[in-house]
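User: I am new to this model and would like a close look at one residue, followed by a connected account of how its surroundings and the rest of the chain are arranged.
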Amino acid sequence: MPKSAFSPPATAPRPVPSEPPDRAVPLRHRLPGRLPLPRLGPTDRAVLWLYALTRVGVWTTAYCTGRLFTGDGKAQRAPSMMSRWEQWDWGYYLHVARDGYFPAPVQGAVLGSGAATPDNREAFFPGFPLLLRAVHLLIRDWTAAGLLISFVAGAVAVLSLARIAALDGRSARTSVAGRGADRLPDDGNGTGSRAVLFLLLSPCAVFLAAGYTEALFLAFALPCWLAAKRGNWPLAAALAAAATTVRISGLFLGAALVVQLLTSGPLTKRLRLLHWPALSALPALVYAWYLHARTGDWMAWKHAEERGWYRTFHSPWQAWRHTWDGAFDHTQATPYALLFQFELVAMAVGLALLCLLLKRRRWPEAVYLGLSLWALGTSYWYMSVPRASLLWWPLWTGLAAWSVRRPWLTTAYVCVAAPLATVLTVAFTSGRWAG
């Protein structure tokens, strides 16, 4: 099986922001020619508290799952807590970190779910396994090391997401209320906190806690985007390159950076800076060169994807039809048919979000999302689209901005998404495919 989407506040402006504007930061907190380094404000602390509480919820669900779904109704001992997280793609990351990409001889491997599958570990970029190997020097349990990486990376990601949402909200308020709106608190209407809530309660949020690449990618990609929005192109380039070591989506992020650069000022000046976002492609080129040196195949990564996960090119309408057949034509087991239905819903949400971004002329975000949807929507069938939605930060910031004007949206989202997130957490930690 496969592996693994504004309006000004009603209150008057207040002089003390929760996250100070750049000019309000004392000079001792600035670096020459760089962005100020703000301390954690009330919004940041609230976001981290929310993040910690949802981690407790995920781990509680995993703990209970290990005792309720042991696989043997008469079992006297439950599986270990760590084993709850050793599922599916984790086996690939572990094997790459521990043994490398080409241990000899490798004919096949028993990975994650316990089913023998061809070993196509070249399909996984080296960023996460390399970091896992480094952390393992301190944390000797491999699974615990992977969970720690995702825990720390997730904290960085939610802080950055909150600041992106607050920055977008502040820009929207400025366009509506004029220049005086920049004196308003950056997150005075709770946009940043809401964006984080929507992300952490999304149906596939369990993958932010597992030893997978989603949290680590966001920990690089979201600060990268924040740096780009504020014009710090060297930092944005370095973070985009780091994101590319983790997932192929880093290339889509690099393309979005190019568009952001070209649309954020005088063209002649911006053209001189294009070398910065171009650096995001360097890790992918190095990885392709490494695989070619070992296999003689420049496209070894792509061919591993094709062998292992049916990621051969098909037209978008063919991919939709094949997924629809898997979802509704009774060709798949019931659990997989349900997940194919989730795939269709996630793709529909992504396409709707892309149309909205294009309508609002959010060209950089539209490029990132459009490339992501093209990559996901041109395989034999859709694979891991719901999980990929975790990386669509315009979805979470957009929902947050929408919920400010329509408070009922937050309640509706929590009532629908939280149960789905719990169900998929139970599915994943009990060894079932969850996206």
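What is the relative accessible area of R361, and does the residue count as buried or exposed?

Analyst: R361 has a relative accessible area of 65% and is exposed, because that value lies over the 50% cut-off. The model is a predicted one, so what follows describes computed geometry. R361 sits in the loop that runs between α15 (334-359) and α16 (363-376). The backbone of R361 also deserves attention, since its phi is positive, at about 60°, although the residue is not a glycine. Most residues other than glycine have a negative phi, which is why a positive value is worth pointing out.

A second residue invites the reader to set it beside R361. Y310, which is likewise not a glycine, has a positive phi near 55°, and its place is in the loop between α13 (300-309) and α14 (316-328). Y310 has a relative accessible area of 46% and is therefore partly exposed, while R361 is exposed.

These two loops belong to a protein chain with 19 helices and 2 strands. Of its 435 residues, 50% count as buried, and the chain exposes about 20,300 Å², of which carbon and sulfur atoms supply 65%. Among the cysteines, C204 counts as buried at 3% relative accessibility, whereas C355 is exposed, with a relative accessible area of 54%. The structure holds 0 disulfides.

Charged pairs come next. Side chains of opposite charge can pair when their charged atoms come close, and a search of the whole structure finds 12 salt bridges. One of them joins the side chains of R163 and D44, with an N to O distance of 2.8 Å. R163 lies in helix α4 (residues 142-177) and D44 in helix α1 (residues 42-68), so this pair ties together parts that are 119 residues apart in sequence. Both R163 and D44 are buried.

Another salt bridge is formed by the side chains of D99 and R98, at 3.5 Å from N to O. D99 is partly exposed, with a relative accessible area of 37%, and R98 is also partly exposed, with a value of 39%.

The side chains of R307 and E122 meet in a salt bridge as well, this one at 4.0 Å from N to O. R307 belongs to helix α13, and E122 is found in the loop between β2 (115-117) and α3 (127-136), so the pair ties together parts that are 185 residues apart in sequence. E122 counts as buried, because its relative accessibility is 10%. Elsewhere, salt bridges that share partners join D89, E214, R247 and R387 into one network. Within that network, R387 lies in helix α17 (residues 385-388) and counts as buried, because its relative accessibility is 4%. A polar contact of 3.0 Å joins the side chains of R387 and E214.

To return to the residue asked about, R361 is an exposed arginine in the loop between α15 and α16, and its phi is positive. R387, by comparison, is buried and takes part in the salt-bridge network with D89, E214 and R247.

Notes: Residues are numbered from 1 along each chain as its sequence is written. This is a predicted model: local features need pLDDT of at least 70, side-chain atom pairs count only at pLDDT 80 or more; totals for chains, interfaces and linings use all residues. Side-chain values use heavy atoms; hydrogens and water are left out. Helices (H or I, at least four residues) and strands (E, at least two) are DSSP runs, numbered from the N terminus. Buried means under 20% relative accessible area, exposed over 50%, partly exposed in between (1.4 Å probe, protein chains only). Accessible areas come from the Shrake-Rupley method with a 1.4 Å probe; for residues, only the protein chains shown count as cover. A disulfide is a pair of cysteine sulfur atoms within 2.5 Å. A polar contact is a pair of N or O atoms within 3.5 Å; within protein, one must be able to donate a hydrogen and the other to accept it, and residues adjacent in sequence count only if both atoms are side-chain atoms.
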